[in-house]
Amino acid sequence: MLVPQPQRTLQVKTAPKTQTLLEVRGLRKYFDVTRGLFASKKIVKAVDDVSFTVKQGETHGLVGESGCGKSTLGRTIVRIYSPTSGQVLYRDKDVFAIKNAADLKAYQKRVQMIFQDPYASLNPRLTIGEIIRESMDIHNIGTHADREVRVQELIRLVGLKPDHVRRFPHEFSGGQRQRISIARTLALDPEFIVCDEPISALDVSIQAQIINLLEDLRDTFGLSYLFIAHDLSMVKHISHRISVMYLGHIVETGESSLLYRSPLHPYSQALLSSVCVPDPVAASRKQRILLKGEIPTPINPPPGCPFYKRCRHGMEICTLEMPLLKEVQGREVACHLY
């Protein structure tokens, strides 16, 4: 993996894919949006009882509609938000139980985040070199000279030029800014990175470059990703496993190829039916599943399955009981059909 000493040569590290690096258990994050002293209490259940695992060297994709809680989940994992309940275990240690400042700093060094908007996530008052070096200054890594060498190493690694360190963010394109964000993320030699829709704000021609860069970094340094995105074809390309999220809940989780070949949950089926196919003949044969009805509000949602009002297979039990994730045909599905 990337080492904090810039004078050492970068080595290729093959990460084992059998060891669990991060485990999320029953994670909940609620927001109180009540307005007024005498108003009835309103709670947004952004993340509601979510569980999954990410193995070392693995990319775990997370897909779903806007507002389903994907970004909130990622920000809770890196401790930008505090959870309402549940656990996040990193190397078998509960990260929300960390109280010591030094231990928290060590966790935040190992777990980093690439934010969605490369225009808003970079400080416009700092040069690119200062932006990348800032986290190393905070964690007191090496001498000032070591950090300068390290910045140059990272700039080259993400495909930018050495003289770019003296420029400001507004002088770069969206794709270049996202490369700068990736370099900043790698500065602390992380093991796990939450990628919060890192390509959604970029042109299609640039998206493939960023995806290829992330894949190369993962394979070279043994990184693990939680890759959050809307583009299902991109998620399939980069992910080993995929979780489909709907209104704060995981409704299906499985191997990438298996889930794309035969999705089981009605919501997963509808999402995948909307993916564009580059072959005109195959596209003409593809059956599009159109979802009807309105998306339920995440504020004090009713009991039962959150998807039942839009589901073509809705049953009476769906209005009464929340389906739990269960093992079905080699993956986990939360649906009363199975």
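With 338 residues, a compact globule would be expected to have a radius of gyration near 20 Å, and the protein comes in at 21 Å, which agrees with that expectation. Keep in mind as you look around that this is a predicted model. Taken along the principal axes, the C-alpha atoms fill a box of roughly 65 × 60 × 40 Å. Within it you will find 10 helices and 12 strands.

How is the chain packed? Of the 338 residues, 49% count as buried. Contacts tell a related story: among those with a separation of 6 or more, 67% are accounted for by residues 24 or more positions apart. Turning to the outside, the protein exposes about 16400 Å², and carbon and sulfur atoms supply 52% of that area.

Let us start the tour with a sheet. Four strands form an open sheet in the order β2-β1-β4-β5, with antiparallel pairing. The edges are held by β2 (43-55) and β5 (93-94); each has a single partner strand, so one side of each is left without a neighbour in the sheet. As a reminder, strands of a sheet pair through backbone hydrogen bonds, either parallel or antiparallel. At the β5 edge, the partner is β4 (residues 85-90), and the two strands pair in the antiparallel sense over two bridges. To find this spot on screen, look for Tyr 90, whose bridge partner in β5 is Lys 93.

Next, move along to helix α3, which spans residues 128-138. Which of its residues are buried? They are Ile 128, Gly 129, Ile 131, Ile 132, Arg 133, Ser 135 and Met 136, so named because each has under 20% relative accessible area. The cover over these buried residues of α3 includes two helices, α4 (144-157) and α5 (174-186). Just past α3, pause at Asn 140, which follows the helix and has a positive phi, near 55°.

The last stop is on the surface. Here Met 315, Ile 317, Leu 337 and Tyr 338 make a nonpolar patch of about 310 Å². One of these residues, Tyr 338, lies in the segment after β12 (331-333). Is Tyr 338 buried or exposed? The description that fits is partly exposed, because its relative accessible area is 34%, and that class lies between the limits of under 20% for buried and over 50% for exposed. The value also explains why Tyr 338 can belong to a patch, since patch residues need over 30% relative accessible area.

How values were computed
Residues numbered from 1 in each chain as written. Predicted model: local features only at pLDDT ≥ 70, side-chain atom pairs only at ≥ 80, totals over all residues. Heavy atoms only, no water. Patch = residues over 30% accessible without salt bridge, like charges linked within 9 Å, V, L, I, M, F, W, Y side chains within 5 Å. Areas by Shrake-Rupley, 256 points an atom, 1.4 Å probe, with all protein chains shown as cover. Salt bridge = Lys/Arg side-chain N within 4 Å of Asp/Glu carboxyl O. Buried < 20%, exposed > 50% of the residue type's maximum accessible area, 1.4 Å probe, protein only. Rg over C-alpha atoms; globule rule 2.2 N^0.38 Å. Contact = heavy atoms within 4.5 Å. Pairing = 2+ DSSP bridges.
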